[in-house]
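Biologist: Could you walk me through this structure slowly, since I am still learning how to read one?

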Amino acid sequence: LATDYVTQLQEQLKEEDLTEETIRNMMEQILLSQKVSSELANKFVPTEDEEGYQQFVDENKVYFEKVKAQHVLINTIDENNNPLPEAKEKEAKEQAETVLKKALAGEDMGSLAKEYSQDPGSKDNNGEYTFGRGEMMPAFEEAAFSGEEGKVYPELVQTPYGYHIIKTVEKFEASEEEMQAGYKESQK
């Protein structure tokens, strides 16, 4: 393995003055460290620390919450992920504003997604995603989590992909089982 690595990266290693022996020693240390960590994790027994657990919950609960949201995406990028020309971007914003008005007037988000959305991942699924924090673009996530259940977010939400019309369908609190599993992992 070390020989393959050295062969592939000869020039870079010469610049850093690293030899095959040094690489071999580094790889052995990494593999040994991984093996020790794995063995320790297998033998780990969590402590019963109610105060520590409560502190973990207080500091991390938000990261275990989930939200179900529906959205319609109107792209401001082309199929090669390049920004649309200014005139096309303006058309996209106008279309997004029209869809937002329809959604705020009570039209079904699933139908709007099917008709207008340019998100292939959710268009045919009522525009729906269920996700936790850190899984979506920050602006999208903020709107979905801060929105009121059953309501359409009152403004367009812009991300690098385009304009989103977002409805918060349902919010899910962190489950006790997830919190306990997370605490156990943090103790490890």
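Modeller: Let us begin with a term: a residue counts as buried when its relative accessible area is under 20%, and as exposed when that value is over 50%, with partly exposed lying in between. Please keep in mind as we go that this is a predicted model.

Biologist: Fine, so is E65 buried or exposed?

Modeller: E65 has a relative accessible area of 17%, so this residue is buried.

Biologist: And which side chain does E65 meet in a salt bridge?

Modeller: That partner is R133, and the salt bridge between the two side chains spans 3.4 Å from N to O. The pair links distant parts of the chain, 68 residues apart, with R133 in the loop between β2 and α7 and E65 in the loop between α4 and β1. R133 itself counts as partly exposed, because its relative accessibility is 25%.

Biologist: Why would two such side chains pair at all?

Modeller: Side chains of opposite charge can pair when their charged atoms come close.

Biologist: How many salt bridges does the count come to?

Modeller: The count comes to 2 salt bridges. Besides the pair of R133 and E65, the side chains of K114 and D124 meet at 3.8 Å, N to O. K114 lies in helix α6 and D124 in the loop between α6 and β2, so this pair ties together parts that are 10 residues apart in sequence. D124 is exposed, because its relative accessible area is 62%.

Biologist: Changing topic, which residues gather in the patch of negative charge on the surface?

Modeller: The patch brings together E48, D49, E50, E51, E176, E177 and E178. Helices α4 and α8 each supply at least two of these residues, and the largest share, 3 residues, comes from α8. E50, which is found in helix α4, has a relative accessible area of 59% and is therefore exposed.

Biologist: What about a nonpolar patch on the surface, which residues form that one?

Modeller: L32, V36 and L40 form it, and together they have about 300 Å² of accessible area. L32 sits in helix α3, and this residue is exposed because its relative accessible area is 55%.

Biologist: Now L100, is that leucine buried or exposed?

Modeller: L100, placed in helix α5, is buried, with a relative accessible area of 9%. Leaving out residues up to four places away in sequence, L100 touches V152, Y153, P154, E155, L156 and I165. L100 and E155 are 55 residues apart in sequence, while their C-alpha atoms are 7.5 Å apart in space.

How values were computed
Residues are numbered from 1 along each chain as its sequence is written. This is a predicted model: local features need pLDDT of at least 70, side-chain atom pairs count only at pLDDT 80 or more; totals for chains, interfaces and linings use all residues. Side-chain values use heavy atoms; hydrogens and water are left out. Patches are made of residues with over 30% relative accessible area and no salt bridge: like charges are joined within 9 Å, nonpolar side chains (Val, Leu, Ile, Met, Phe, Trp, Tyr) within 5 Å. Accessible areas come from the Shrake-Rupley method with a 1.4 Å probe; for residues, only the protein chains shown count as cover. A salt bridge is a side-chain nitrogen of Lys or Arg within 4 Å of a carboxyl oxygen of Asp or Glu. Lys and Arg count as positive and Asp and Glu as negative; His and the chain ends are not counted. The place of a charge is taken as NZ of Lys, CZ of Arg, CG of Asp or CD of Glu. Helices (H or I, at least four residues) and strands (E, at least two) are DSSP runs, numbered from the N terminus. Buried means under 20% relative accessible area, exposed over 50%, partly exposed in between (1.4 Å probe, protein chains only). Contact means heavy atoms within 4.5 Å.
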